Amino acid sequence: NFFMQEADKPIKLHLGSGEKYLEGYTNIDYPQSEHSVIKVRADIYHDIRTLSYADNSVDEIRSHHLFEHFERADALALLMKWRRWLKPGGKLVIETPDFHGCSVAYAFALTQKRRMELGRHMLGSQEASWAIHYDFWDASKFKYVFKKCGFGKVAIKNYQNAVAQHFPKIPFLNIVGNFLPASFYKKRGGHKLPNVVAVAYKSGAAIDENAVAREILSQYL
């Protein structure tokens, strides 16, 4: 039965899909009218903040360079909501600029152009109302926030450049890729910008969402 097959298919959400359309996922993003640079490819055009799925119904949620665009309180609210959507053991994948990696790279940058590039990566390009990065994320913060928000089995990967991210199993590319000239990346695409990919799974632990949010947000004050 076709409808039974469709119903049995895993629900995997790719939030903030942009130009990167992932097969096997429901790709969701703002409509093209909200984008001034990229050409969006999505299955559903919708504001990520107002999406709704049933609790314990989603197998996987992933977002790449979306999460940093939300203000701190909104980001935590989304994280709690996404956890409710996920089935027990459901997978969450979030990729953002690596604040720690960018900070180190900024401190050792040799040119103003490089510092401006890293600053844009950390704070957003700001060419549109949504193109602002409101918060910082790195390995230690992801581990802390995920644990507080009821996620377990957290795994973190740090990538210093696109070559290392594209070939994650080849050692030393985090170093070697940074020595490749800008012309290499310009010709082939990619960048020399630090990113962090955080993977976690919904645990069975009960949490008080309001208490957790207050505890985390109070540390910024």
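This report walks through a predicted model, from its sheet to its aromatic rings, its charged pairs and a patch on its surface.

**The sheet**

Let's start with the strands. Seven of them, or 7 strands in figures, make up an open sheet, and going across it you meet β3-β2-β1-β4-β5-β7-β6. The pairing in this sheet is mixed. Which strands sit at the edges? Those are β3 (44-45) and β6 (151-159), and each of them pairs on one side only.

As background, strands of a sheet pair through backbone hydrogen bonds, in either a parallel or an antiparallel way. Strand β1 (residues 12-15) gives us a good look at the parallel kind, with β4 as its partner over 4 bridges. Zoom in on that pairing and you'll find L15 with S63 as its bridge partner in β4, while H14 stands opposite R62 of β4. Strand β1 is also joined to strand β2 (residues 26-29), again in parallel, this time by 3 bridges. Here L13 is the residue to look for, standing opposite T26 in β2.

**The aromatic rings**

Now for the rings. The structure holds 9 aromatic pairs. One of them is F67 with W137, a tilted pair with 5.0 Å from centre to centre and 45 degrees between the planes. This pair links distant parts of the chain, as its two residues are 70 residues apart. F67 comes from the loop between β4 (58-64) and α2 (72-85), and W137 comes from the loop between α4 (112-123) and α5 (139-148).

Are these two rings buried or exposed? F67 has 0% relative accessibility, so it counts as buried. W137 is buried too, with a relative accessible area of 4%.

W137 has another ring partner in F142: their centres are 4.9 Å apart and their planes are at 25 degrees, so this pair is stacked. F142 is buried, just like W137. Step back a little, and F67, W137 and F142 turn out to belong to one aromatic cluster that also takes in W82, F146 and F151.

Some rings have a charge for company instead. K141 lies over the face of F136, at 4.1 Å from the ring centre. In the case of Y201, the charged end of K153 sits over the ring, 4.7 Å from its centre.

**The salt bridges**

How many salt bridges are there? The count comes to 8. The table shows some of them, with the N to O distance for each.

| Residues | Distance, N to O |
|---|---|
| K87 and D59 | 3.2 Å |
| E209 and R84 | 2.7 Å |
| K148 and E215 | 2.8 Å |

Take K87 and D59, whose side chains meet in a salt bridge. The pair links distant parts of the chain: K87 is in strand β5 (residues 86-97) and D59 is in strand β4, 28 residues apart. K87 has 31% relative accessibility and so counts as partly exposed. D59 is partly exposed as well, with a relative accessible area of 25%.

Next come E209 and R84, whose side chains also meet in a salt bridge. This pair again links distant parts of the chain, with E209 in helix α9 (residues 209-218) and R84 in helix α2, 125 residues apart. E209 is partly exposed at a relative accessible area of 24%, and R84 counts as partly exposed at 31% relative accessibility.

Helix α9 turns up once more with K148 and E215, a salt bridge between side chains. K148 is in helix α5 and E215 is in helix α9, 67 residues apart, which makes this another link between distant parts of the chain. Both ends are partly exposed: K148 at 29% relative accessibility, and E215 at 35%.

Remember K141, the residue over the face of F136? K141 also has a place in a network of salt bridges, where it is linked with R72 and D135.

**A patch on the surface**

Last stop: the outside. F172, I175, V176 and F179 make a nonpolar surface patch of about 500 Å². Where is F179 found? Its place is in helix α7 (residues 173-179). With 70% relative accessibility, F179 counts as exposed, whereas F67 back in the aromatic cluster counts as buried at 0%.

Notes
Residues are numbered from 1 along each chain as its sequence is written. This is a predicted model: local features need pLDDT of at least 70, side-chain atom pairs count only at pLDDT 80 or more; totals for chains, interfaces and linings use all residues. Side-chain values use heavy atoms; hydrogens and water are left out. Patches are made of residues with over 30% relative accessible area and no salt bridge: like charges are joined within 9 Å, nonpolar side chains (Val, Leu, Ile, Met, Phe, Trp, Tyr) within 5 Å. Accessible areas come from the Shrake-Rupley method with a 1.4 Å probe; for residues, only the protein chains shown count as cover. A salt bridge is a side-chain nitrogen of Lys or Arg within 4 Å of a carboxyl oxygen of Asp or Glu. Buried means under 20% relative accessible area, exposed over 50%, partly exposed in between (1.4 Å probe, protein chains only). Rings of Phe, Tyr and Trp (its six-membered ring) pair if their centres lie within 6.5 Å; planes under 30 degrees apart count as stacked, over 60 as edge-to-face and the rest as tilted. A charge sits over a ring if NZ of Lys or CZ of Arg is within 6 Å of the ring centre and within 35 degrees of the ring normal. Two strands pair if DSSP finds at least two bridges between them.
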